[in-house]
Structure formats: C-alpha cells, structure tokens
2 protein chains.
Amino acid sequence: MKARVHIMLKNGVLDPQGEAVRHALGSLGFDGVDAVRQGKVIELDLNETDAEKARESVNAMCEKLLANTVIESYSVEIA
Amino acid sequence: MKARVHIMLKNGVLDPQGEAVRHALGSLGFDGVDAVRQGKVIELDLNETDAEKARESVNAMCEKLLANTVIESYSVEIA
C-alpha cells in the first residue's frame, strides 16, 4: 500500500524558499506568479494492507517525525 | 488559478533523504515501511485564467528553474 504525505508551512508562516522561487521566476520573465509556497512530499511504501490502519500509522509518523506541527500542516493520501 | 507541481527524484536515482527518513521511522518503531522517497511540492498562484496556458507556463517553469530534469521528474496539476 502506498501513501503520499504533503507537508506545507502553515498559512502565515513566512516561506523564504517559496519567496526565492517567486523572485527567480520573475527574473526569468515569468510574470503573473502571485505567490509561491514550497513544501515537501514524502512517498511511503507500506506493508500494511488495510487502508484505515495505514492512514492511522502514517498520521502517527507525521506527528512524531515527518512534520513539525508547530509550523507545518500535513495531509495524507492513501493509494 | 492555482497550480501544484510535484518534483521527485527519478527512479534509480539514490535518495539519501528518503533513506534517512526510512531509517528514522524504523528507529521510532514504525515497522513495515519498505521504501521512502522524498520530493518537493511547489504551489503557485497564477494570474492566468486559461488552464491550458497555465499548464504550458508551469511546464516551462519546471524545465527552466523548478526541476533538475537530469535527475528529477515533475508533474503538474492545475486547479
């Protein structure tokens, strides 16, 4: 079973990486980019075959290791 | 119009970050994680209102700046 986790900085948290990307895109002539946010995506191959258990397990991984929940939010997709 | 870009290392390219995450999950007692790949996700707010044009524009951004196409593959979602 595969899981995909998106980890983004929460709204309101300054995202210097995204800002740098926006600036660089402007320099390259890509106008019309209003805002850029950069985050992480983590793809996991799990042994678990039950989707609900897999989701619980991945949520626990996010809380304990993958995301810094003070400044980051995460979302889990199970496929 | 919003766009989301996923940038992952191509299959076969060593992913030390993902490997480190897998190892750390094992240390924390999360067994049953076979493989981990870590990538980037970039969310863009675009002025463009035409979905096809937006997709073309974001593809060009990926080729020129966002992805290193030698070792990374990207996928674009327009929403």
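**A tour from a buried glutamate to the strand pairs of chain B**

Begin by selecting A:Glu72, which is buried (under 20% relative accessible area, 1.4 Å probe, protein chains only) yet has no salt bridge (a side-chain nitrogen of Lys or Arg within 4 Å of a carboxyl oxygen of Asp or Glu); the nearest side chain of opposite charge, A:Lys40, is 4.1 Å away. This is a predicted model, in which local features need pLDDT of at least 70 and side-chain atom pairs count only at pLDDT 80 or more, whereas totals for chains, interfaces and linings use all residues. Residues are numbered from 1 along each chain as its sequence is written, chains are lettered from A and ligands numbered from 1 in the order in which they are written, and side-chain values use heavy atoms, without hydrogens and water.

A:Glu72 belongs to strand β3 (residues 72-78) of chain A; strands are DSSP runs of E, at least two residues, and helices runs of H or I, at least four, numbered from the N terminus. Beyond four places in sequence, its contacts (heavy atoms within 4.5 Å) include A:Ile7, A:Leu9 and A:Leu66.

Next, select A:Arg22 and A:Glu19 in helix α1 (residues 16-27) of chain A, 3 residues apart, about one turn of the helix. They form a salt bridge, with the closest N and O atoms 2.6 Å apart.

Move to chain B and select B:Asp45 and B:Lys2, a salt bridge with a closest N and O separation of 3.1 Å. This pair joins strand β2 (residues 33-46) to strand β1 (residues 2-9) across 43 residues.

Finally, select B:Glu43 and B:Arg4, another salt bridge, at 2.9 Å between the closest N and O atoms. B:Glu43 lies in β2 and B:Arg4 in β1, 39 residues apart.

Note on methods: Buried < 20%, exposed > 50% of the residue type's maximum accessible area, 1.4 Å probe, protein only. Lys, Arg positive; Asp, Glu negative; His and termini not counted.
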